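Thank you for sending this entry for comment. The points below go through a few places in it, one after another, and are meant to be read with the structure open.

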Amino acid sequence: MAHKKGVGSSRNGRDSNPKYQGVKKFGGERVVARNIIIRQDGTKWHPGRNVGMGSDYTIYALIDGVVKFGHKNSKRYKVSVEPKAKRTPATSAA
């Protein structure tokens, strides 16, 4: 009875590289403009205020500030960056 020798290991030798996706900056963390906040496939998270989205659905900060996660509507989530609070110089009474 003719048969082929088992060649499972040479046929199954392919493997894809890891994509390193996920949340990179969490809520409340400070970010600098152009920092990547989330790497994702598709739009699980949608861009909010002061946030941009790349062609590969990467969400990144457009300004310096603090990351904020929230609801866009009842079914969708959004990521925003709140600008840093302006510090007013303390007035000294002399």
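1. A residue is called buried when its relative accessible area is under 20%, exposed when that area is over 50%, and partly exposed in between. Please keep in mind throughout that this is a predicted model. With that cut-off, Trp45 counts as buried, because its relative accessibility is 18%.

2. Which residues do ring pairs link into a cluster? The cluster consists of Trp45, Phe69 and Tyr77, and a search of the whole structure finds two aromatic pairs. In one of them, the rings of Trp45 and Phe69 have their centres 5.0 Å apart and their planes at 70 degrees, so this pair is described as edge-to-face. The two residues come from distant parts of the chain, since Trp45 belongs to strand β4 (residues 45-47) and Phe69 to strand β7 (residues 65-71), with their positions 24 residues apart in the numbering. Phe69 is partly exposed, at a relative accessible area of 26%.

3. Trp45 also pairs with Tyr77: here the ring centres are 5.2 Å apart and the planes stand at 45 degrees, so the pair is tilted. Because Trp45 lies in strand β4 and Tyr77 in strand β8 (residues 77-83), this pair ties together parts that are 32 residues apart in sequence. Tyr77 has a relative accessible area of 36% and is therefore partly exposed.

4. The strands that carry these rings can be placed in an open sheet of four strands, which has the order β2-β7-β8-β4 and mixed pairing. Which strands stand at the edges? They are β2 and β4, and each has a single partner strand, so one side of each is left without a neighbour in the sheet. The strands β4 and β8 run parallel and are joined by three bridges; as a detail to look for, His46 has Lys78 in β8 as its bridge partner.

5. A separate place to examine is Lys24, which sits in the loop between β1 (22-23) and β2 (30-31) and is partly exposed, with a relative accessible area of 36%. A polar atom of the Lys24 side chain lies 2.8 Å from the backbone oxygen of Tyr20. When neighbours within four places in sequence are left aside, the residues in contact with Lys24 are Glu29, Ile36, Ile37, Ile38 and Arg39. Of these, Ile36 is 12 residues from Lys24 in sequence, while the C-alpha to C-alpha distance between Lys24 and Ile36 is 6.7 Å.

Terms used:
Residues are numbered from 1 along each chain as its sequence is written. This is a predicted model: local features need pLDDT of at least 70, side-chain atom pairs count only at pLDDT 80 or more; totals for chains, interfaces and linings use all residues. Side-chain values use heavy atoms; hydrogens and water are left out. Rings of Phe, Tyr and Trp (its six-membered ring) pair if their centres lie within 6.5 Å; planes under 30 degrees apart count as stacked, over 60 as edge-to-face and the rest as tilted. Buried means under 20% relative accessible area, exposed over 50%, partly exposed in between (1.4 Å probe, protein chains only). Contact means heavy atoms within 4.5 Å. A polar contact is a pair of N or O atoms within 3.5 Å; within protein, one must be able to donate a hydrogen and the other to accept it, and residues adjacent in sequence count only if both atoms are side-chain atoms. Two strands pair if DSSP finds at least two bridges between them.
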